[in-house]
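Here's a quick tour for anyone meeting this structure for the first time. Have a look around, and then we'll pick out a few spots together.

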Amino acid sequence: MAKLYFRFGTVGSAKTLNLLAVAHAYEQQHKKAFLIKPRIDTRFGEEFIGSRAGLIQSADLLVDEDSVIPSDILVDCHCILVDEVQFLSEGLIEQLRHIATDLNIPVICYGLRTDFRARLFAGSKRLMELADAIEEVKTTCSFCNHKAIFNLKLMDGKPTLAGPTIELGKEEKYIPACSHCYEDAVKSGEISIPGQALKASKGKVKAETSVDF
Ligand SMILES: [Zn+2]
C-alpha cells in the first residue's frame, strides 16, 4: 500500500525545492509526478509552484477548499506531490489519504506545521492525524544557529502576532525562528539582528550538516 507523507518545515526550509527535486527525479525515470497546489497561493503566479531558490514548475491541478480531486486524471501517475499543503481543507487531506490507500499512489505533502502564532493549520492538523510518515525538513533560526521551529511574522520589519492566519500579501514577511528568538522578538516587538534576519528571509538555507541542532 502506498503511503501518505507529511514533510513539514518552517518558511525558508527549502520544502518546495525538495518537492521540485522529487518531481525531477520521477521525470528522469520517465514516470509521472502529479503536482497539486492550493489556488490561494499565487506568489509565483496562480498555476506555478516556485522555490525561493529559483526553480519553478507548473502545477497539474489547483485546488480550492471544496475541490474534488478526480481519480481518472491520476491513472498514469506514479506519485502525487502537494505544495503548501497547510492551506488545504480537512476534506482534501482526507481525499489524499484515500488516493494513497485506494489508488495505491504515494502522496508526498509539503507545508508548514503552524502559523505565525504557532497554532496548527487545519490542513496540517488533519495530515498529522492521517499521514503514514511525518518528516521534518530542517533549517536554522534567522537569528542564531539553533533549529527553527516557528514562523515569525514581520510587518514593516517589526515582529507581530496581528492579522489573519492566512494572508499571502506583499507587505508582510515570514522568517524562521527558534523558540527562544521567536519569544524574544514577539515580546520586544523588535528583531535583535535585523541584518541577519533580512539575509535569512531571502531564502538562504544552510546545509543540514553545518547546523548545530
Ligand atoms: Zn534563534
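## Starting in a loop

Where does Glu 84 lie? You'll find Glu 84 in the loop between strand S6 (79-82) and helix H2 (90-102). Keep in mind that the model you're looking at is predicted.

Glu 84 has a bit of a quirk: its phi is positive, at about 50 degrees, although the residue is not a glycine. Most residues other than glycine have a negative phi. Is Glu 84 buried or exposed? With a relative accessible area of 11%, Glu 84 is buried, because anything under 20% counts that way.

## Another positive phi

Asp 156 also has a positive phi without being a glycine, in this case about 55 degrees. The place to look is the loop between S9 and strand S10 (158-159). Asp 156 has a relative accessibility of 67% and counts as exposed, since the cut-off for that is over 50%.

## Stepping back

Now for the chain as a whole. It has 213 residues, and 46% of them count as buried. Along the way there are 5 helices and 11 strands.

How much do distant parts of the sequence touch one another? Take the contacts between residues at least 6 apart in sequence: 75% of them join residues at least 24 apart.

One pair to look at in the model is Ile 175 and Lys 153. They're 22 residues apart along the chain, yet their C-alpha atoms are separated by 6.6 Å. Ile 175 belongs to strand S11 (residues 172-177), and its relative accessibility of 0% makes it count as buried.

## The zinc site

Which residues coordinate the zinc ion? Four cysteines do the job through their SG atoms: Cys 141, Cys 144, Cys 178 and Cys 181, at 2.3 Å. The arrangement is tetrahedral, because the 4 donor atoms subtend angles of 103 to 116 degrees around the zinc ion. For comparison, the ideal angle for four tetrahedral donors is 109.5 degrees.

Read along the chain, the donors follow the spacing C-x2-C-x33-C-x2-C. Cys 141 sits in the loop between strand S8 (133-136) and strand S9 (150-155), while Cys 181 is in helix H4 (residues 179-188), so this pair ties together parts that are 40 residues apart in sequence. Cys 141 counts as buried at 4% relative accessibility, and Cys 181 counts as buried too, at 13%.

## A cavity inside

How many cavities of 30 Å³ or more does a search of the whole structure find? There is 1, and the space in this largest cavity comes to about 80 Å³.

Its lining brings together Phe 8, Gly 9, Thr 10, Arg 113, Thr 114, Glu 136, Val 137, Thr 139, Ala 148, Ile 149 and Asn 151. Sorted by character, the lining residues come out as 4 nonpolar, 5 polar and 2 charged.

## A closer look at Thr 114

Let's finish with one of those lining residues, Thr 114. Its place is in the loop between strand S7 (107-111) and helix H3 (122-130). Although it's in a loop, Thr 114 is buried, with a relative accessible area of 9%.

What is Thr 114 in contact with, leaving aside its neighbours within four places in sequence? The contacts are Arg 119, Leu 120, Phe 121, Ile 149 and Asn 151. Two of these names, Ile 149 and Asn 151, also appear in the lining of the largest cavity.

Technical notes: Residues numbered from 1 in each chain as written. Predicted model: local features only at pLDDT ≥ 70, side-chain atom pairs only at ≥ 80, totals over all residues. Heavy atoms only, no water. Helix = DSSP H or I, 4+ residues; strand = E, 2+ residues; numbered from the N terminus. Buried < 20%, exposed > 50% of the residue type's maximum accessible area, 1.4 Å probe, protein only. Contact = heavy atoms within 4.5 Å. 1 Å grid on protein atoms, 1.4 Å probe; cavity = no way out; pocket = protein on both sides within 12 Å on 5 of 7 lines; lining within 4 Å. Points joined across faces, edges and corners; volume = space filled by probe spheres on them. Nonpolar A, V, L, I, M, F, W, Y, C, P; charged D, E, K, R; others polar. Donors = N, O, S within 2.8 Å, 3.2 Å for Na, K, Ca; no water. Tetrahedral: all angles 85-135°; square planar, octahedral: opposite > 155°, others 65-115°.
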